[in-house]
Amino acid sequence: MTSLTSRLKGRSELGVALLLGAAGGLVLWDAVGLVTPYSKSDPVGPKTVPYIVAGLLLVCAVMLAINVLRGGHGETEGGEDVDLSHPADWKTVLPLAGAFIANVLIIDWAGWVISGTVLFWGSVWALGSRHYVRDGLISVSLSLLTFYGFYLGLGISLPAGLLEGIL
Amino acid sequence: MDVFSSLMDGFATALTPMNFLYAVIGVVLGTAVGVLPGLGPAMTVALLLPVTYVLEPTSAFIMFAGIYYGGMYGGSTTSILLNTPGESSSVVTAIEGNKMAKAGRAAQALATAAIGSFVAGTIGTALLAVCAPIVVKFAVSLGSPSYFAIMVLALLAVTAVLGSSRLRGFASLGLGLAIGLVGMDSVTGQARLTFGQPLLSDGLDIVVVAVAIFAVGEALWVAAHLRRTPLHIIPVGQPWMGKEDWKRSWKPWLRGTVLGFPFGALPAGGAEIPTFLSYVTEKRLTKHPEEFGKGAIEGVAGPEAANNAAAAGTLTPMLALGLPTNATAAVMLAAFTSYGIQPGPQLFESEGPLVWALIASLFIGNFLLLVINLPLAPLWAKLLQLPRPYLYAGILFFATLGAYSVNLQAFDLVILLVLGALGFMMRRFGLPVLPLILGVILGPRVEGQLRKTLQLSAGDPAGLWSEPIAVGIYVIVAIILAWPLLLKAWRRSRPQAEPAFAGMPATSEADPDRTDAGGANPHPFDDRDLDTTRNTAAGRQERP
């Protein structure tokens with residue numbers, strides 16, 4: 001057991017192989033479930049390509065697992081603002097995802113102006129800004145500007161939600 | 001109609017006051033967003049796609065032309081002033097460009113980049129205008145088997161040639177093809193991978209996929225590794241060049257253009273290889289070899305020209321064959337389809353005025369880029385100081401807005417988050433993004449051609465190689481796939497053979513941990529060396 005855990009340590013990339021395998025399995029399962037009578041006008045049918053894709057995914061999953069167990073690893077992506085010297089900072093990512101999910105949950109009910117404010121303000125907070133008032137003002141004005149910009153400029157009416165009638 | 005008169009008609013369309021305004025907006029937006037760290041041209045186009053849905057196609061594409069070149073140019077400004085290129089195509093520019101900026105020659109570096117981009121972009125666009133109709137003439141005679149082969153080639157070439165690990169490239173391609181399968185099968189109407197969810201039966205909106213992978217994935221990824229110490233930004237005034245700089249720049253511009261255009265037009269072209277080749281060429285030909293590594297203007301002029309010429313070259317297969325070869329072109333192709341415009345060789349026939357207006361506005365956008373960007377450079381440099389929380393919160397905000405405004409469904413935002421998490425994971429584990437995007441966009445079209453081919457041959461697989469062009473392309477595909485083995489065999493027979501560019505400073509610092517899934521170096525010019533350069537460039541930044 002201990003040898004297994006020590007072998008798995010630092011091999012989080014096996015999760016990618018697992019995901020590829022799961023995706024491949026899903027595509028395969030879905031393709032098997034399709035019912036199609038053979039037709040002369042479409043000899044390939046809707047199943048062939050899913051089978052190929054599922055095969056590709058499953059082969060990649062197995063090969064990636066072998067590659068990772070042999071010590072291979074993918075190269076993490078750099079960038080202007082990316083500092084790879086410290087490990088992933090989940091204290092930033094999770095609140096950020098939280099702000100995003102909050103927006104998804106309330107957008108239809110509360111409307112874009114409120115949910116967009118929540119999204120921007122929450123994201124800025126998650127990313128480490130602590131100017132609460134200034135951030136709040138920027139969030140509200142961005143949401144209002146985009147709401148009216150989309151409505152007047154592009155003719156797209158974003159949901160007004162709770163503020164229906166006021167906006 | 002010949003090329004010249006069609007092009008003049010294009011100019012007439014593009015130069016109407018409203019369309020000209022869209023071109024200006026496109027160039028300014030493209031440069032502004034391209035300068036912002038973390039935002040490349042592909043993401044810029046993806047984020048702005050929804051906004052252009054309400055415009056009529058011609059205006060939208062005129063705007064895209066501006067965004068395209070603007071975004072390309074913006075990236076080079078960032079790499080010169082920050083030394084941490086956001087895109088692989090501006091990695092090479094950063095090598096000499098940042099050294100020049102540190103030596104107090106930022107103004108000259110920006111000027112040679114801007115003017116070089118203009119020269120290369122103009123020549124490249126002219127070549128596009130000449131070449132594309134020729135390619136079309138050749139392409140209209142091709143049938144489904146050849147198209148199927150060409151698309152397979154494009155998918156495999158991008159997956160196998162670019163990037164450091166072929167295995168991870170194919171994994172990414174598989175995911176993209178799977179995403180492309182979601183929805184109703186176009187021939188039989190069977191629902192595939194929809195899990196009984198009616199909202200999925202139309203398939204995933206390509207805008208949502210692109211925004212999720214490029215913007216949301218990137219924002220989450222940067223958030224996890226946000227650099228807490230601010231980067232040192234080199235202040236810059238108005239760009240200008242002295243007589244000596246002109247003398248040293250004009251030849252590298254032209255050589256860069258010659259290298260950039262054909263590589264951009266190839267199925268696995270992209271700008272990485274030509275910018276790199278241009279750098280090596282200039283280093284060999286220069287009369288000032290002692291300056292290389294310390295800020296030689298040739299090392300900025302050549303690669304920047306190559307970069308922009310490749311950008312123009314990329315549009316040749318995109319417009320003539322409907323074949324995108326880089327991420328930006330892939331997103332633009334998605335825009336075509338969302339307007340109900342069928343990409344492919346019929347495009348010049350069916351949408352002639354639109355295509356020529358697009359090409360004309362590429363010329364205009366290129367010119368505007370020069371006129372607008374030389375005076376605005378100090379302002380762009382200020383944009384680099386935007387506080388990072390606002391920048392990345394803003395990316396998420398506009399990504400959400402863009403994805404939501406397509407269908408006004410909260411469901412799309414769920415997909416945005418799920419695929420954003422996928423984009424995050426891909427960045428973490430080094431899965432390249434481009435094969436996924438191309439898989440999503442080309443996947444359904446490849447399937448369509450495959451079915452059409454076998455329909456014509458009544459199910460006989462021999463129909464796949466019934467055209468000589470198709471056979472030729474399969475040979476190329478086989479060579480690409482077998483390349484690592486061929487290279488290994490060649491190396492064994494000539495053990496002393498070294499890569500041609502051993503002179504690059506980066507290769508001597510090759511990362512020993514790096515393992516390649518494909519075994520041998522998949523391609524002599526793959527961006528392994530560029531990646532190493534990028535890593536060392538980022539590493540250098542840490543020093544006080």
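Chain A and chain B meet in a contact that takes 63 residues from chain A and 68 from chain B. The model is predicted. On the chain B side, the elements giving two or more residues are α4 (57-82), α7 (166-181), α8 (206-224), α15 (388-407), α16 (410-428), α17 (434-456) and α19 (528-542). Among these, α15(B) gives the most, with 11 residues. By residue class, the side of chain B that touches chain A divides into 39 nonpolar, 17 polar and 12 charged residues.

Turn next to chain A. Its domain assignment gives domain 1, residues 2-69, and domain 2, residues 90-163. The C-alpha centres of domain 1 and domain 2 of chain A lie 38 Å apart.

Now look at the nonpolar residues. The largest nonpolar core holds 226 residues. Within this core, B:A46, B:A210, B:V211, B:V331, B:L416 and B:I437 touch the most other members. Helix α5 of chain B, residues 91-139, supplies the largest share of the core, 25 residues. Chain A takes part too: at least three core residues come from each of domain 1 (2-69) and domain 2 (90-163) of chain A. In soluble globular proteins, nonpolar side chains tend to be buried together.

Finally, take one residue of the core. Which residues is B:L416 in contact with, leaving aside its neighbours within four places in sequence? One group of contacts is B:V208, B:V211, B:A212 and B:V216. The others are B:A399, B:T400 and B:A403. B:V211 thus appears again, having been named with B:L416 among the residues that touch the most other core members.

Conventions: Residues are numbered from 1 along each chain as its sequence is written. Chains are lettered from A and ligands numbered from 1 in the order in which they are written. This is a predicted model: local features need pLDDT of at least 70, side-chain atom pairs count only at pLDDT 80 or more; totals for chains, interfaces and linings use all residues. Domain bounds come from an automatic or database domain assignment. A nonpolar core is a set of buried Ala, Val, Leu, Ile, Met, Phe, Trp, Tyr and Cys residues joined through C-beta atoms within 7 Å. A residue is buried if 20 or more other C-beta atoms lie within 10 Å of its own, exposed if 12 or fewer, and partly exposed in between; C-beta atoms are placed from the backbone. Helices (H or I, at least four residues) and strands (E, at least two) are DSSP runs, numbered from the N terminus. Two residues are in contact if their C-beta atoms, placed from the backbone, lie within 7 Å. Ala, Val, Leu, Ile, Met, Phe, Trp, Tyr, Cys and Pro count as nonpolar, Asp, Glu, Lys and Arg as charged, and the others, Gly among them, as polar.
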